[in-house]
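Here's a quick tour for anyone meeting this structure for the first time. Have a look at the sequence and the model, then read on.

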Amino acid sequence: MKYSIFLLGLLLITSCRQKPKTDKSHAVQAETKIILDSVPKDAIVQEAKPALKTFEGLADTTFVRLADFSEDFAYDMRYATENNFLKAKVYDCAECYTRVKTAKALIEANKDFMEQGVRIKFFDCYRPNSVQYKMWEIVPNPQYVANPDKGSIHNKGGAVDITLVDLGGNELDMGTDFDYFGKRAYHDNMDLPKEILDNRKLLKETMEAHGFWSIRTEWWHYNLSSASNDPVANFKWECND
């Protein structure tokens, strides 16, 4: 009997000394959840995109950076690289500037393109007259480069060299690369596959509907009609790199 009482007492002492184990990981998770749930959703900071600018108060002849007014364009500014017919970099950095009236027309044209699942991609935009002189030094041939003494509509901020890309960024087949100087690049060359002719037609007809005109020998080149009488300019943009 005494032995039984002794064993019972020993068991009671042992059980009292054992403390339940705490699952620390579950405790931390619960505490974290409580903290996160207590933070208002609108207090979570997200990096905001810079607001786009508007044309309000700007004269039609003001030079503007197109990317400040629309995020819907693509760019491959060839003359800021050596990937061009000059085989030379003639821009200090890649930017697409135009006059305000040209930018407005391009944005409206691009809205029409995007409704059809494509958008404009730029190869060249406004070109300072000093750059025109650089190009003339490399290729002094008026068949390929406008004489800088007279200037081109690129120097007036009213011309762009463009193609079309789908919304995934893939270029539509236009039959040649940009700045291909040969009959295959001519608008009146109908000896091309239907897909190429359809792509060029889409580009040409849409641009013309928004006040641009093309030149016969370059499928990529478009001039804004209302910019023809603007003066040649040598405005230079700043490079932030």
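## Helix 3 and the core around it

Helix 3 has 16 residues and spans 23 Å from first C-alpha to last, close to the 22 Å expected at 1.5 Å a residue (that is, 1.5 Å times one less than the number of residues). Helices (H or I, at least four residues) and strands (E, at least two) are DSSP runs numbered from the N terminus. Keep in mind that this is a predicted model, where local features need pLDDT of at least 70 and side-chain atom pairs count only at pLDDT 80 or more, while totals for chains, interfaces and linings use all residues. Residues are numbered from 1 along each chain as its sequence is written, and side-chain values use heavy atoms, leaving out hydrogens and water.

Among the buried residues of helix 3 are Val-100, Leu-106, Ile-107 and Phe-113 (buried is under 20% relative accessible area, exposed over 50%, partly exposed in between, with a 1.4 Å probe and protein chains only). After the helix comes Gly-117, with a positive phi near 85°.

The largest nonpolar core (buried Ala, Val, Leu, Ile, Met, Phe, Trp, Tyr and Cys joined through side-chain atoms within 4.5 Å) has 53 residues, and Leu-106, Phe-113 and Phe-122 are among those touching the most other members. Elements giving it two or more residues include these:

| Element | Residues |
|---|---|
| Helix 3 | residues 100–115 |
| Strand 4 | residues 118–124 |
| Helix 5 | residues 194–209 |

Helix 3 gives the most, with seven residues.

Over in strand 6 sits Trp-213, partly exposed at 35% relative accessible area.
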